[in-house]
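Here is my note on the model you sent round. Please read it with the structure open beside you.

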Amino acid sequence: MSQLSLHVLDTAHGCPAAALAFRLYRDGQLLCSGHTNADGRGDGPLLAGADFCRGVYELHFEVAAYFRQRGVQLPEPPFLDVVTLRFGVADPASRYHVPLLVSPWSYSTYRGS
């Protein structure tokens, strides 16, 4: 099934990153924005079917705001503020899942299934 989805895990607290704000862009145009749900996921696919096409995408995650809301004391400016993941979609007929594992000091990602 062709679609794009995301999942954010808070590795500092060992839990899903609920209520973390994100934005999705393609070619500099905002496609959608929202907040992760209680499980750290976007509600449903971000894009699917004809809306999901070949191209370069960016996901912006508001991680400093998320950690501050959780009561984490961050320096000003924070080490990580907005984490931007820029990735390419070569085969829009496939499923692309973008997990983000994040703490106030580090992050990692990969193409999930």
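The points below go from the whole chain to single residues.

1. **Status and overall fold.** This is a predicted model. The chain has nine strands and one helix. Read from the N terminus, the order of elements is β-β-β-β-β-β-α-β-β-β. The helix, α1, covers residues 63–69.

2. **Dimensions.** The C-alpha trace spans about 45 × 25 × 20 Å along its principal axes. What radius of gyration does the chain have, and what would a compact globule have? The chain has 14 Å; a compact globule with 113 residues would have a radius near 13 Å, so the value agrees.

3. **Burial and contacts.** Of the 113 residues in the chain, 42% are buried. Take the contacts with a separation of 6 or more: residues 24 or more positions apart account for 60% of them.

4. **Strand β8 and its partner β1.** Strand β8 takes in residues 95–102. Six of its eight residues are buried, so the strand is mostly covered. Strand β1, residues 3–10, runs parallel to β8, and eight bridges join the two. To find the pairing on screen, start at L4 in β1, which stands opposite Y96 in β8.

5. **Strand β8 and its partner β9.** Strand β9 is residues 107–109. Here the pairing is antiparallel, with three bridges to β8. V102 has Y107 in β9 as its bridge partner. The two strands form a hairpin, with four residues between them.

6. **L6 as a view of the interior.** L6 belongs to strand β1. Is L6 buried or exposed? Its relative accessibility is 3%, so L6 counts as buried. Neighbours within four places in sequence aside, L6 is in contact with residues including F22, T36, L46, L59, F61, H97 and V98. E62 makes a useful reference point: E62 and L6 are 56 residues apart in sequence and 14 Å apart in space, C-alpha to C-alpha.

7. **Cysteines.** How many disulfides does the structure hold? A search of the whole structure finds zero. Take C32: the closest cysteine sulfur, in C53, is 13 Å from its own, which is too far for a bond. The cut-off for a disulfide is 2.5 Å between the sulfur atoms. C15 counts as partly exposed because its relative accessibility is 21%.

8. **Aromatic pairs.** The structure holds five aromatic pairs. One of them is F52 with Y57, a tilted pair: 6.0 Å centre to centre, with 50 degrees between the planes. Both F52 and Y57 are buried. The rings of F79 and W105 form another tilted pair, because their planes are at 35 degrees, with the centres 6.2 Å apart. This pair links distant parts of the chain, 26 residues apart. F79 lies in the loop between α1 and β7 (82–89), and W105 in the loop between β8 and β9. F79 and W105 are both exposed.

9. **A ring cluster, and a charge over Y96.** Which residues do ring pairs link into a cluster? They are F52, Y57, F87 and Y96. Y96 has a further partner in R111. The charged end of R111 sits over the ring of Y96, 3.7 Å from its centre. Recall that Y96 also stands opposite L4.

Notes
Residues are numbered from 1 along each chain as its sequence is written. This is a predicted model: local features need pLDDT of at least 70, side-chain atom pairs count only at pLDDT 80 or more; totals for chains, interfaces and linings use all residues. Side-chain values use heavy atoms; hydrogens and water are left out. Buried means under 20% relative accessible area, exposed over 50%, partly exposed in between (1.4 Å probe, protein chains only). Two strands pair if DSSP finds at least two bridges between them. Rings of Phe, Tyr and Trp (its six-membered ring) pair if their centres lie within 6.5 Å; planes under 30 degrees apart count as stacked, over 60 as edge-to-face and the rest as tilted. A charge sits over a ring if NZ of Lys or CZ of Arg is within 6 Å of the ring centre and within 35 degrees of the ring normal. Contact means heavy atoms within 4.5 Å. The radius of gyration is taken over C-alpha atoms; the globule rule is 2.2 Å times the number of residues to the power 0.38.
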